[in-house]
Amino acid sequence: MKQIYRACKKCHLITTEKSCPIHGEEKTTTEWFGFVIVSEPKLSVIANRAGITDTGAYAIKVRS
Ligand SMILES: [Zn+2]
């Protein structure tokens, strides 16, 4: 089965689930563009700017 990657509208976390593993009820969407892999949030300028505090893959732009 083909996996479709989705992004949380709130935290931009990329997941294959239809709801965010962090926010639960927040819906995820397939309407997202680009992504960053954050391995060290405290050292990443991008993570800092986006308010990312956990490691993972995050969408750069999410259409809401
Ligand atoms: Zn989320």
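Here is a friendly chat about a predicted protein model and its zinc site.

Colleague: What should I know about how this model was made and numbered?
Modeller: This is a predicted model, in which local features need pLDDT of at least 70, side-chain atom pairs count only at pLDDT 80 or more, and totals for chains, interfaces and linings use all residues. Side-chain values use heavy atoms, with hydrogens and water left out, and residues are numbered from 1 along each chain as its sequence is written.

Colleague: What is the mean pLDDT of the protein, and which element has the highest?
Modeller: pLDDT is the predictor's confidence in each residue, from 0 to 100. Of the residues, 98% reach 70 or more, and the mean is 90. Helices (H or I, at least four residues) and strands (E, at least two) are DSSP runs, numbered from the N terminus. Helix α1 (residues 45-50) has the lowest mean pLDDT, 83, and the highest, 96, belongs to β3.

Colleague: Which residues are the protein donors of the zinc ion?
Modeller: Donors are N, O and S atoms within 2.8 Å of the metal (3.2 Å for Na, K and Ca); water is not among the atoms, so sites may look incomplete. Here the protein donors lie 2.0 to 2.4 Å from the zinc ion, and along the chain they follow the spacing C-x2-C-x8-C-x2-H. They are Cys8 (SG), Cys11 (SG), Cys20 (SG) and His23 (ND1).

Colleague: What is the arrangement of the four donor atoms around the zinc ion?
Modeller: Four donors count as tetrahedral if all angles lie between 85 and 135 degrees; four count as square planar and six as octahedral if opposite donors are over 155 degrees apart and all others between 65 and 115, and anything else is irregular. Around this zinc ion the angles are 106 to 119°, so the arrangement is tetrahedral.

Colleague: Is Cys20 buried or exposed?
Modeller: Buried means under 20% relative accessible area, exposed over 50%, and partly exposed in between (1.4 Å probe, protein chains only). Cys20 has a relative accessible area of 2%. That value makes Cys20 buried.

Colleague: Which residue forms a salt bridge with Glu31?
Modeller: A salt bridge is a side-chain nitrogen of Lys or Arg within 4 Å of a carboxyl oxygen of Asp or Glu, and by this rule the count comes to one. The pair links distant parts of the chain, with Glu31 in the loop between β3 and β4 (32-38) and its partner in the segment after β5 (56-62), 32 residues apart. Glu31 is partly exposed, at 36%. With the closest N and O atoms 2.7 Å apart, the partner is Arg63.

Colleague: Which backbone nitrogen does the side chain of Thr15 reach?
Modeller: Thr15 lies in strand β2 and counts as buried, because its relative accessibility is 11%. A polar contact is a pair of N or O atoms within 3.5 Å; within protein, one must be able to donate a hydrogen and the other to accept it, and residues adjacent in sequence count only if both atoms are side-chain atoms. At 3.0 Å, the nitrogen reached is that of Glu17.

Colleague: Which residues does Thr29 contact, leaving aside its neighbours within four places in sequence?
Modeller: Contact means heavy atoms within 4.5 Å. Thr29 lies in strand β3 and is buried, with a relative accessible area of 10%. Its contacts are Arg6, Ala7, Lys9, Val62 and Arg63.
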